[in-house]
Amino acid sequence: MPVNFEDPWFKGQEVSYNVSELQECAIAVDASYFLRQLLEQAENYNEPLLTALGGLTGIQARIQVELDNWLRNRTTPFFIFDGQPMVGQDEVTTKLGREIQKQTGVAWKLYGEGQAEAAVAAFGECASLYNIQALYPMLQDELRLRKLHFLVAPFNAAAQIAYLDMIDSDQCGGIMGPLELMLYPIQDCVIRSIDWTSNTCSAISKKNVMKVLNVSEPHFIDAFLMTGTPFLPPFPPLTDPTLVKSQPYNIVDAINMLRTADKSVTMVSTTFHDLIKNQDPTWLDKYRKAWMAVKHFVYIAESGEVKVHDADHLTNDNHEYLGLQIPWEMFHYLNTGLIGPRLLSWITHSQVYVLPTLDGSATEEYKKLVSSQLVPLEETALSLVLARLHRGIVYKDIKAKVWYDDNYSATVLDHRHEARTKTNYGVQMATWAVIKEADIKQHFPSFEHGSIFSEVHALTNADFVKLTFAEQRNKARNVESASIIKSICLWRYLHVRGYIDDQHNLTNWGKALDRAMVALEPVVKKFPTVPYLYESVLVAMEMVRFGLLNGSLKVVEPLSLPMHGDDDDKSSLMLISRCATLLKLRHQANGYTGPLSKNLLTFHSLAGEVRSAERALMEAILASLFLYGQGQRKRDDSWELSHQLPFLFNPDVALGIAVKTYFDETINWNSEKEKAERLATFPDAFVPYSMVFSEDLEIACEFFEAVYAGLQTLDGQGISANDLKAWGKAKEYLAPRILKDASGN
């Protein structure tokens, strides 16, 4: 999510060096800072429509080029990734996100008025709204392919990097990252940027900065915190143009304020008491927590232990500024990539925080989704992990906060365990046996662990179902095989979500899912290099169950509705394009050039929230397996194991837009010639950098029909007659518009 602006005053303190001085060295690099630079530096950034599309088309290629540059210079990047958010970070992220949402609102207004160039420029200024951590799996995958070591910090990467620099670790000869690094006891210099074209890098010296400012380190830290950080909003008087004439303010303004109050943040807060009370009455308390969090930062020591800096002087209320202390085992799972930071942050901070979306539309269906429908998933995920943690954490209420309403507060998990569902998921999961690979292959020779389809379809075989029940001889204990673990996790997930019953048979929804995947199987085989198709079917089914995947014409932006046909036609096309939004348009490593749709971006936000909650549940199931000793803990494939499980894939809306635009045309759809001409001319006119649009269109159409085939098996059980009828009309709408090949298919 957005980070606070970096004080431009520091730019004037940077010194340039030749990159040859970095050769044969390892540099500890803040991963978020690295990725943000790729997006926001003018010479690299060619995707201004990032926030309008909900994703990127060329970032992977740019990551590869940048890593090649490091290799060419014989310099090794040691990437450090952010872990859990710090106390106060979600609040700052939300505040900044809402401000940027106002800017995207202006951009959408310009787009609606036909001012394309101005709209693109406006969208380009909103890149920091994009959640940079969504790119972590892509970067980590690239690092693993190149055998480059990386580390996931317990909390913020800056603190971890500062520790490595503080002890003069052999793992790195320099550090690169945000100005925030200067809050910590680093040796001195921070590399700020590298220009491989001119073979120069810029760096800033903390000691020189303090010398120029004529301040001590405590005075510097106070002033720096006052200007705002990712976990502390800026001191309100600094943002007041009547007090600080030159905006944006900088650290010199903060120092001058402190000098008028005996260098005391408390005293300067008293001076501006009325202003602070009106704008941010708890700012001083937030500052004190931030100051303590910086003083007692958490890091992974070279020994592998998770430690707190200056732990001997920790106060008894350290949970107020560091969060609850979770077992170090959980940090190990975070660092090795077995789980992500989201689930852990819910526990550490006793809070589920719903962060701002790219579209900024808090529709009624969105509010219902995040405040009600997804809560049982979050509760289940928490209960699976909390059962293995110490009682001080277990008996703690976990609340929910949302970005669109400061006054909203709800309980996700009650410490009295008055659960919304009475199901004992621990007992339920224990019913699944460890099936021998030979027994699996005997029944299904082409069984593919982790594909979802194999796990679902296997349960249509009654003889195989008998093998899935756990007995004393085949209970899950210290399982080593990653393949078996993936299948167990998927079966447990499907059981929890109601696709499988307690007899391990497919429920009505399970049969619908199986039918859809069977229908899509020929497409998966035809396009073996297109990933995540079965996963997307599962997401589509979840979206249908939540009542979100439909042809509703009640949208946030009427201008981006289909233009042609009657309401049934428009509704059908909206449903088909929403299905396509769950898939990926294969695109060249160029910025997207084409039409936009705020309605599909809003749907993308809904799908993103569903995926996020489902992923938290999947990671909880995986983590619980290891917490209970059912999986071999000592392993080197934790990252691969986790990232081969579903719900990390979150495509942009480009294919949905392309499908909607393609079919929203008044040609004779009964003429194969006109359809062929439309398909031949469409890509160059509307999606010029698409790689194989005809194939992606075929996949999207087949995907829609596969999902519909699955829904038909429900026979009115779990889906309303009207909704099923709408799917049928969409099928009728699509049928004549699909171009037949030379064989007439």
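# Reading the core, salt bridges and a small sheet

User: Which residues have the most contacts inside the largest nonpolar core, and how many residues does that core have?

Analyst: The general idea: a nonpolar core is a set of buried Ala, Val, Leu, Ile, Met, Phe, Trp, Tyr and Cys residues joined through side-chain atoms within 4.5 Å. Here the largest one has 260 residues, and Phe10, Phe79, Phe220, Leu549, Phe663, Leu711 and Trp727 have the most contacts inside it. Helix α28 (residues 598-627) gives the most to this core, 17 residues. Helices (H or I, at least four residues) and strands (E, at least two) are DSSP runs, numbered from the N terminus.

User: What should I keep in mind about the model itself?

Analyst: It's a predicted model, so to speak of a local feature pLDDT must be at least 70, side-chain atom pairs count only at pLDDT 80 or more, and totals for chains, interfaces and linings use all residues. Residues are numbered from 1 along each chain as its sequence is written, and side-chain values use heavy atoms, with hydrogens and water left out.

User: Let's zoom in on one core residue. What is Leu549 in contact with, leaving aside neighbours within four places in sequence?

Analyst: Contact means heavy atoms within 4.5 Å. With those neighbours set aside, Leu549 contacts Ala540, Met543, Val544, Leu575, Arg578, Cys579, Leu582, Phe603 and Trp727.

User: And Glu619, is that buried or exposed?

Analyst: The cut-offs: buried is under 20% relative accessible area, exposed is over 50%, and partly exposed is in between (1.4 Å probe, protein chains only). Glu619 has 8% relative accessibility, so it counts as buried. Glu619 sits in helix α28 and touches Ile339 and Gly340, not counting residues up to four places away in sequence.

User: On to charges. How many salt bridges does a search of the whole structure find?

Analyst: A salt bridge is a side-chain nitrogen of Lys or Arg within 4 Å of a carboxyl oxygen of Asp or Glu. The search finds 35 of them. Take Glu217 and Lys206, whose closest N and O atoms are 2.5 Å apart. This pair links distant parts of the chain, with Glu217 in helix α9 (residues 217-226) and Lys206 in helix α8 (residues 206-213), eleven residues apart. Glu217 is partly exposed at 33% relative accessibility, while Lys206 is buried at 3%.

User: Where do Lys289 and Asp285 lie, and how are they separated?

Analyst: They're four residues apart in helix α13 (residues 283-295), so about one helical turn separates them. Their side chains meet in a salt bridge at 3.5 Å, N to O. Lys289 is partly exposed at 25%, and Asp285 is partly exposed at 41%.

User: Which residue forms a salt bridge with Arg586?

Analyst: That's Glu695, with the closest N and O atoms 3.1 Å apart. Arg586 is in the loop between α27 (567-581) and α28, and Glu695 is in helix α32 (residues 693-712), 109 residues apart. Arg586 is partly exposed at 21%, as is Glu695 at 29%. Elsewhere, salt bridges that share partners join Glu6, Lys11, Glu14 and Arg192 into one network.

User: Last one: what order do the strands of the open three-strand sheet have?

Analyst: Two strands pair if DSSP finds at least two bridges between them. This open sheet runs β10-β11-β12, with mixed pairing. β10 (351-354) and β12 (405-413) are at the edges with a single partner strand each, so one side of each has no neighbour in the sheet. Strand β11 (residues 398-402) and β12 are antiparallel and joined by four bridges; Ala400 has Ala410 in β12 as its bridge partner.
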